[in-house]
Structure formats: structure tokens, C-alpha cells
Amino acid sequence: MKHHIPVPPFTFNKIYDGVKKVDIRLFDKTTQRIRLGDSILYIDKNSGEDIECQVKGIAMFENFEELIAHIPSQLIGYSNANEIAIRIKRMYPDKYRMSFFATALFIDRVADRANEREGNSIDDYTEEKVYTDEERVRMKQSSRPQPRMTFDEERLLYGMHNYQRD
């Protein structure tokens, strides 16, 4: 199943650049529909650009503090846990953070969508392409190996749904 999720440009660019490997969300009605193997089409709220990712894993946590403690901040696209906590407080009011569990969606970009943003097609690779310094830096950053992570297997969910706190 394919899900459409609008995101701010800041988040969209982190996903596009391969910096954000884990999308953190409230386990609300929208997130409850997402299953392992589903596709998520992240849409930039400003430009309308989109990028497709596949859900490789789903983990549930009691709250965002627990999530932040167990998942390396680099996988979420930040350099430290304090940055993540600040963003979460800006995104979700207290009443929502207290009403729902926190969910981590482990995502992986679908390769053919990544090439569309640069205007690359298969024909572009048959000619010699000259890259700017900015493009070289972006390619180098996105090709860096991402840290591997281990987490409690009991937190990995397969088809879990209808979870909301009492």
C-alpha cells in the first residue's frame, strides 16, 4: 500500500539526502495504517516534490523520550538527542504526545525516485556529466555508509494496529 505524507522542506531534504533513515511519528490513525513493506510518498509541503520510501521496520515506544534513548540520533537525521526533543515539542502538542505511543518507521529510499529530483534519467548516464562542487559534496555525503543499529526485537512490529493509550 502507498501512503502520502506531506512534510516540511527541512524533513524532505533530510530524507532525500539519505540523512534521515528513521521517521518518528505519533502512532495516530494515519500511522496505524502503515505496514512493513508499504511505500510512503513524502511530499515537500512547499515545492510539491516527492520521494518514495519503503518501510523496512516499525518500532513502538511508550513515549518519545524512550524512542530518543534507544535510537541513535544520526539515524533520525540529527546530531544529538536534544535537537530531536525540541523538534518533537514543536511538532506535537503535549496532549497528543501524552495520548499516543511514539513510533519509529525505518525507511529506505526507492532508488528510481532519487534520480528524478536531479533530472537524471538513464540517458543522462550515457554522456559525460560535469558536476559542480555542491553536487560532488551532496553525492559524497549521501554515499557515506550509515551506522548500523541494533534494537530490542520485541519493539519491531509486524502489522500492529489500533494501539492507543487508554
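A salt bridge is taken here as a side-chain nitrogen of Lys or Arg within 4 Å of a carboxyl oxygen of Asp or Glu. With that in hand, a search of the whole structure, which is a predicted model, finds two salt bridges. One of them joins Lys2 to Glu52, with the closest N and O atoms 3.7 Å apart. Because Lys2 belongs to strand β1 and Glu52 to strand β4, this pair ties together parts that are 50 residues apart in sequence. The two partners can also be described by their cover: Lys2 is partly exposed, with a relative accessible area of 40%, whereas Glu52 counts as buried at 14%. The other bridge links Arg25 and Asp23, whose closest N and O atoms are 2.9 Å apart. Here Arg25 counts as buried at 15% relative accessibility, and Asp23 is buried too, at 4%.

It helps to set these pairs in the overall fold. The protein has eight helices and five strands, and from the N terminus on they follow the order β-α-β-α-β-β-α-α-α-α-β-α-α. Of its 166 residues, 37% count as buried. The accessible surface comes to about 10300 Å², and carbon and sulfur atoms hold 49% of that area. Contacts reach far along the chain: among those between residues at least 6 apart in sequence, 78% join residues at least 24 apart.

The five strands form an open sheet with the order β1-β3-β4-β5-β2 and mixed pairing. Strands β1 (2-7) and β2 are at the edges, each pairing on one side only. From one strand to the next, the twist averages 40°. Within the sheet, β3 (residues 39-44) and β4 are antiparallel and share five bridges; Ile40, for instance, has Cys53 of β4 as its bridge partner. Strand β4 (residues 50-61) is in turn joined to β5 by eight bridges, again in the antiparallel sense, and here Cys53 has Arg109 of β5 as its partner. Cys53 is therefore a handy landmark for a reader tracing the sheet, with bridge partners in both β3 and β5. On the other side, β5 and β2 (residues 22-26) run antiparallel and are joined by five bridges, with Val22 standing opposite Phe106. Strand β5 (residues 102-109) is mostly covered, as six of its eight residues are buried.

What residues touch the most other members of the largest nonpolar core? In this core of 19 residues, they are Val22, Ile24, Leu67, Ile71, Ile76 and Ala104. Two or more residues each are given to the core by β2, β4, α3 (64-70), α4, α5 (81-91) and β5. Apart from this core lies another, of 14 residues, including Ile5, Val7, Phe12 and Tyr16. The surroundings of Ala104 give a close view: leaving aside neighbours within four places in sequence, Ala104 is in contact with Val22, Asp23, Gly57, Ile58, Ala59, Phe61, Leu67 and Ile71. Asp23 in that list is also the salt-bridge partner of Arg25.

A last stop is Ser73, found in helix α4 (residues 73-76). Is Ser73 buried or exposed? Its relative accessible area is 10%, and since buried means under 20%, Ser73 is buried. Beyond its neighbours within four places in sequence, Ser73 is in contact with Tyr78, Ser79, Asn80, Ala81 and Ile84.

Notes. Residues numbered from 1 in each chain as written. Predicted model: local features only at pLDDT ≥ 70, side-chain atom pairs only at ≥ 80, totals over all residues. Heavy atoms only, no water. Helix = DSSP H or I, 4+ residues; strand = E, 2+ residues; numbered from the N terminus. Buried < 20%, exposed > 50% of the residue type's maximum accessible area, 1.4 Å probe, protein only. Contact = heavy atoms within 4.5 Å. Areas by Shrake-Rupley, 256 points an atom, 1.4 Å probe, with all protein chains shown as cover. Pairing = 2+ DSSP bridges. Core = buried A, V, L, I, M, F, W, Y, C linked by side-chain atoms within 4.5 Å. Axes fitted to C-alpha atoms, helices over the stretch in contact; angles between N-to-C directions.
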